[in-house]
Amino acid sequence: MVDKVKLARQFIEAIPHARELGMVLTEIAEGTATIEMPYDEKLIGDPRTGVIHGGAVSALMDTCCGAAVMSHPSAPGGTATIDLRIEYMRAANPGQSIRTTAKCHHITRNVAFVRATATDEDTDTPVATASGAFTVEKRF
Amino acid sequence: MTRTKPEPMQEVKQRRDDALRALVGAVPFVRFLDITFDRRGDELTAQLNFDDKLIGNPFLPAIHGGVTAAFLEVTAAITLCWEHLWPDIEAGRIDPEAISKGELPRLPKTIDFTVDYLRSGLPRDAYARASVSRAGRRYASVHVEAWQDHKDKLYAQGTGHFLMPQPSSDTA
């Protein structure tokens with residue numbers, strides 16, 4: 001089981017787009033993952049307020065959900081997104097990192113179901129939540 | 001019967017292109033992903049210009065699912081904003097210079113966005129078009145389709161709901 005977690009970590013850390021956004025995998029266990037993404041001016045969606053674009057949050061959510069799937073004890077290999085729905089509860093505070101935690105709450109031979117929550121330093125109300133369905137691949 | 005003389009074509013094009021360039025260029029995240037827009041009249045087509053930093057699975061390789069989600073969301077939001085601003089652009093009430101200086105019109109806010117991944121995103125340019133299914137005073141629903149090589153073989157599609165910018169007197 002330790003190897004799977006290690007493999008998932010290596011895989012996530014090798015993703016060019018995740019590196020480009022400065023994502024850091026802080027926790028990964030059996031079917032759950034936490035990834036942090038630092039604030040960066042290049043991610044701004046509304047220049048008047050400095051709030052980062054929803055699309056950057058989507059990229060973080062998608063990566064984190066994928067990591068949760070790959071770290072699940074029943075997942076034999078890699079994964080791809082089938083469907084992802086994101087709900088934006090509030091604007092993320094400019095200047096703060098965003099932290100996402102995803103949990104793969106059900107997995108079959110072919111499909112993994114995942115939910116995720118994103119917060120900034122104000123952890124009382126989430127910035128966004130996500131739910132998605134992912135493929136279960138036999139290999140990486 | 002008197003008829004007003006049509007505006008010279010070059011002026012019409014210039015006005016529309018300036019407004020579009022200002023709107024798209026003002027958003028850092030759109031520049032970061034290198035998404036550009038083509039315009040035919042009021043119809044927009046977005047183009048995601050491929051770069052290695054957009055890769056999600058280096059083994060295939062394939063475009064990151066999050067990039068695809070962001071591309072669809074940007075296309076939906078810019079198209080919605082563009083249609084919302086169109087009457088003001090045509091009436092000359094939008095000043096592209098002011099937008100470039102950061103005096104952006106208030107943008108619609110995403111409420112939710114759902115992405116349907118149909119095919120793996122190949123390591124090359126992608127295109128997308130959005131259609132505003134309904135634009136009310138408070139809420140809008142936008143559908144967006146993206147393709148790479150063949151227009152009729154979509155690689156992703158999405159639907160989003162947006163909160164329209166409210167007139168400031170109406171915020172109470």
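## Exercises on a predicted two-chain model

The helices H3(A) and H3(B) cross in a right-handed manner. The model is predicted, and the exercises below work outwards from this crossing.

**Exercise 1.** Determine how H3(A) and H3(B) are oriented to each other, and which residues meet.

*Solution.* Two packed helices are described by the angle between their axes and the distance between the axes. Step 1: the axes of H3(A) and H3(B) come within 8 Å and cross at roughly 155 degrees. Step 2: angles over 145 degrees count as roughly antiparallel, so H3(A) is roughly antiparallel to H3(B). Step 3: on the H3(A) side the residues are A:Gly54, A:Gly55, A:Ala56, A:Ser58, A:Ala59, A:Leu60, A:Asp62 and A:Thr63. They meet B:Gly65, B:Gly66, B:Val67, B:Ala69, B:Ala70, B:Glu73 and B:Val74 of H3(B). Step 4: sorted by class, this contact has seven nonpolar, six polar and two charged residues.

**Exercise 2.** Describe the side of chain B that touches chain A, by element and by residue class.

*Solution.* Step 1: the contact takes 32 residues from chain B and 32 residues from chain A. Step 2: on chain B, at least two residues each come from helix H2 (28-33), strand S3 (55-57), helix H3 (65-90) and S5. Step 3: the most is given by S5(B), with eight residues. Step 4: the residues on this side of chain B comprise 19 nonpolar, eight polar and five charged.

**Exercise 3.** Trace the sheet from edge to edge, and find where it passes from chain A to chain B.

*Solution.* Step 1: 12 strands form an open sheet with antiparallel pairing, in the order S1(A)-S2(A)-S6(A)-S7(A)-S8(A)-S5(A)-S5(B)-S8(B)-S7(B)-S6(B)-S2(B)-S1(B). Step 2: strand S1 (24-29) of chain A and strand S1 (35-40) of chain B stand at the edges with a single partner strand each, so one side of each has no neighbour in the sheet. Step 3: from one strand to the next, the twist averages 20 degrees. Step 4: the passage between chains is at S5(A) and S5(B), which pair in the antiparallel sense over five bridges. A:Arg85 has B:Thr114 as its bridge partner in S5(B), and A:Leu84 has B:Val115.

**Exercise 4.** Follow the sheet from S5(B) into chain B, giving the number of bridges for S5(B) with S8(B) and for S7(B) with S8(B).

*Solution.* Step 1: S5(B) is joined to the antiparallel S8(B) by eight bridges. B:Thr114 stands opposite B:Thr159 in S8(B); B:Thr114 is also the bridge partner of A:Arg85. Step 2: nine bridges join S7(B), residues 139-147, to S8(B), residues 154-163, again with the strands antiparallel. In S8(B), B:Gly160 is opposite B:Val142.

**Exercise 5.** State which strands H3(A) lies across, and at what angle H3(A) runs to S6(A).

*Solution.* Step 1: in chain A, helix H3 (residues 54-70) lies across S1, S2, S5, S6, S7 and S8. Step 2: from chain B, S5 (109-117) is also among the strands that H3(A) lies across. Step 3: H3(A) runs at about 40 degrees to S6(A).

**Exercise 6.** Summarise the architecture of chain B.

*Solution.* Step 1: chain B has four helices and eight strands, which follow from the N terminus as α-α-β-β-β-β-α-α-β-β-β-β. Step 2: its C-alpha trace spans about 65 × 45 × 35 Å along the principal axes. Step 3: of the 172 residues in chain B, 35% are buried. Step 4: among contacts in chain B with a separation of 6 or more, 65% are between residues 24 or more positions apart.

Note on methods. Residues numbered from 1 in each chain as written. Chains lettered and ligands numbered in written order. Predicted model: local features only at pLDDT ≥ 70, side-chain atom pairs only at ≥ 80, totals over all residues. Pairing = 2+ DSSP bridges. Axes fitted to C-alpha atoms, helices over the stretch in contact; angles between N-to-C directions. Contact = placed C-beta atoms within 7 Å. Nonpolar A, V, L, I, M, F, W, Y, C, P; charged D, E, K, R; others polar. Parallel < 35°, antiparallel > 145°, perpendicular 65-115°, else oblique. Left-handed = near helix turned anticlockwise from the far one by under 90°. Buried ≥ 20, exposed ≤ 12 C-beta atoms within 10 Å, placed from the backbone.
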